[in-house]
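I opened this model to make a few notes on its fold, its core and some of its residues. The entries below follow the order in which I looked things up.

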Amino acid sequence: MNGVTTGSVIKIENVDFGKNSPLKAYLRSNSGNETGFTMEVRLDSLDGEVIATFSRDTATDQGWDGGIENVSATSEVTADVAGVHTLYLVNTAGAMNFFGVHFDKALDAYSTDEIIFCYPGVFAI
């Protein structure tokens with residue numbers, strides 16, 4: 001999704017976190033914006049609990065040319081989240097092209113064992 005700017009909201013429905021909460025979240029995006037961006041992940045409504053905040057104060061390494069394979073920001077998940085939820089990704093500052101977000105149940109290292117993927121095609125604006 002191109003052109004995600006301050007105030008943009010991405011809604012991702014039916015995200016199934018299972019019985020155990022993820023510990024870390026990864027944002028896949030790119031940005032040539034020299035001041036970066038900030039995006040909140042809110043649970044179940046636009047004013048719902050913030051469970052993660054992605055923040056970057058510089059452009060991504062490849063600027064606007066980076067692709068879906070690049071993790072541009074990470075955040076610890078700050079709440080216990082289990083079951084099925086709707087996520088609202090609220091861009092509170094800056095600009096980016098959004099490719100997806102995923103959640104990992106491991107904290108120390110990227111793991112492929114227990115990951116919840118949320119990519120374009122499963123979201124609406």
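**Notebook: loop, strands and core**

I began with Asp44, which I found in the loop between S3 and S4. The model is a predicted one, and I kept that in mind for every entry that follows. In the hairpin formed by S3 and S4, with six residues between the strands, Asp44 takes a positive phi near 70°. I noted this since most residues other than glycine have a negative phi. As for cover, Asp44 counts as partly exposed, because its relative accessibility is 41%.

**Second entry: the chain as a whole**

I then stepped back to the overall layout, where I counted nine strands and zero helices, so that the pattern along the sequence reads β-β-β-β-β-β-β-β-β. Of the 125 residues in the chain, 51% count as buried, and the exposed surface comes to about 6100 Å², with carbon and sulfur atoms supplying 47% of it. I also looked up how far apart in sequence the contacting residues lie: among the contacts in the chain with a separation of 6 or more, 77% are made by residues 24 or more positions apart.

**Third entry: strand S3 and its partners**

Which strands does S3 pair with, S4 and S6 being the ones I checked? I found S3 and S4 paired in the antiparallel sense over six bridges, with Thr38 standing opposite Ser55 of S4. S3 is also joined to S6 by seven bridges, and these two strands again run antiparallel; here Leu43 stands opposite Leu87 of S6. I recorded S3 as largely enclosed by the rest of the structure, because six of its seven residues are buried.

**Fourth entry: strand S7**

How many residues of strand S7 are buried? For residues 97-104, which make up S7, I found eight of the eight buried, so this strand too is written down as largely enclosed by the rest of the structure. Its pairing with S2 (residues 24-30) is antiparallel and is made through seven bridges, and Asn30 stands opposite Asn97 of S7.

**Fifth entry: the largest nonpolar core**

I listed the largest nonpolar core next, which has 24 residues, and the members that touch the most others are Ile51, Leu87, Leu89 and Phe103. At least two residues of this core come from each of S1 (9-16), S2, S3 (37-43), S4 (50-56), S6 (84-94) and S7, and the largest share, four residues, is supplied by S3. Looking more closely at Leu89, and leaving aside neighbours within four places in sequence, I found contacts with Ser8, Val9, Ile10, Ile12, Met39, Glu40, Val41, Phe98 and Val101.

**Sixth entry: Tyr88**

Tyr88 lies in strand S6, and I asked whether this residue is buried or exposed. It counts as buried, because its relative accessibility of 14% falls under the 20% cut-off. Not counting residues up to four places away in sequence, Tyr88 touches a set of residues that includes Val9, Ile10 and Lys11, as well as Glu40, Val41 and Arg42, and also Asp44, the loop residue between S3 and S4 with which I began. I also noted that Tyr88 and Ile12 are 76 residues apart in sequence, while their C-alpha atoms are 6.5 Å apart in space.

**Seventh entry: Asn14**

Asn14 belongs to strand S1, and I noted its phi near 60°, a positive value in a residue other than glycine. Is Asn14 buried or exposed? It counts as exposed, because its relative accessibility is 62%, over the 50% cut-off.

**Last entry: the aromatic pair**

How many aromatic pairs does the structure hold? I found one. The ring centres of Phe17 and Phe103 are 5.2 Å apart and their planes stand at 80°, so I entered the pair as edge-to-face. It links distant parts of the chain, with Phe17 in the loop between S1 and S2 and Phe103 in strand S7, 86 residues apart. Both partners were looked up for cover: Phe17 is buried, with a relative accessible area of 1%, and Phe103 counts as buried at 0% relative accessibility. Phe103 had already appeared in my notes as one of the core residues that touch the most other members.

Note on methods. Residues are numbered from 1 along each chain as its sequence is written. This is a predicted model: local features need pLDDT of at least 70, side-chain atom pairs count only at pLDDT 80 or more; totals for chains, interfaces and linings use all residues. Side-chain values use heavy atoms; hydrogens and water are left out. Buried means under 20% relative accessible area, exposed over 50%, partly exposed in between (1.4 Å probe, protein chains only). Contact means heavy atoms within 4.5 Å. Accessible areas come from the Shrake-Rupley method with a 1.4 Å probe; for residues, only the protein chains shown count as cover. Two strands pair if DSSP finds at least two bridges between them. A nonpolar core is a set of buried Ala, Val, Leu, Ile, Met, Phe, Trp, Tyr and Cys residues joined through side-chain atoms within 4.5 Å. Rings of Phe, Tyr and Trp (its six-membered ring) pair if their centres lie within 6.5 Å; planes under 30 degrees apart count as stacked, over 60 as edge-to-face and the rest as tilted.
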